[in-house]
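Me: I'm new to this structure and would like a close look at a single part of it. Could you walk me through one sheet and what packs against it?

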Amino acid sequence: MSRIGKMPVHIPAGVTAKVDGNALTVKGPKGELSGTFNSKLTIKQEGDELIVSRPDDERQTKALHGLTRALIANMVKGVHEGFQKTLDIVGIGYRAAVKGKDLELTVGYSHPVIMTPPAGIEVQVPQPTQIVISGADKQAVGQFASEVREVRPPEPYKGKGIRYHDEFVRHKEGKAGKGAK
């Protein structure tokens with residue numbers, strides 16, 4: 001039995017879940033998420049818990065068991081607490097700002113880069129060199145954070161660019177100067 005798949009997903013107070021065959025809809029204070037899962041697996045709601053079970057011990061079914069349970073747990077956590085990614089901007093003159101719903105990045109190009117977050121994703125800029133991306137869908141938050149980082153990834157010589165808050169950038173030594181002759 002899958003160690004992750006066999007654990008039930010607890011539904012906290014204020015969150016409702018509706019199971020319809022292999023489709024699941026979860027509503028909470030941070031929003032509503034729905035997903036369709038593999039038809040081989042069975043999703044049951046018993047009281048305030050969701051239980052995922054599998055019919056056999058085939059390799060693919062075992063893999064889907066843990067995956068499905070993890071995705072459901074992320075949906076429940078997302079509508080209850082939400083997910084957040086923090087990005088730091090390093091570099092002289094590099095900064096970010098929110099204009100309406102759009103994120104405007106000034107990161108060394110001849111023009112500012114304007115990015116529109118997808119629906120359900122909120123972008124905040126508490127400081128000009130920090131971006132906070134939050135939302136209920138873990139995959140969408142991570143995807144948009146990755147797209148923002150891709151605008152100017154950190155370079156290894158000076159460390160300039162956009163990086164995750166907890167990311168460590170290894171610095172390389174630059175060119176060696178001319179030696180004494």
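Me: In which sense do strand 5 and strand 6 pair, and over how many bridges?

Reply: Happy to take you through it. This is a predicted model, where local features need pLDDT of at least 70, side-chain atom pairs count only at pLDDT 80 or more, and totals for chains, interfaces and linings use all residues. Residues are numbered from 1 along each chain as its sequence is written, and side-chain values use heavy atoms, with hydrogens and water left out.

Strand 5 and strand 6 (residues 49–53) pair in the antiparallel sense, over 5 bridges. Strands here are DSSP runs of E with at least two residues, helices are runs of H or I with at least four, and both are numbered from the N terminus; two strands pair if DSSP finds at least two bridges between them. One of the bridges sets Gln 45 against its partner Leu 50 in strand 6.

Now for the sheet around this pair. It is an open sheet of 3 strands in the order 1-6-5, with antiparallel pairing. Strand 1 (9–10) and strand 5 (42–46) are at the edges with a single partner strand each, so one side of each has no neighbour in the sheet.

Helix 1 (residues 59–80) packs on this sheet and touches strand 1, strand 5 and strand 6, where contact means heavy atoms within 4.5 Å. The direction of helix 1 makes about 160° with that of strand 6; axes are lines fitted to C-alpha atoms, for helices over the stretch in contact, and angles run from 0 to 180 degrees between N-to-C directions.

Elsewhere, strand 3 (residues 23–28) and strand 4 (residues 31–36) run antiparallel, joined by 6 bridges. A hairpin of 2 residues links strand 3 to strand 4, and Val 26 stands opposite Leu 33 in strand 4.
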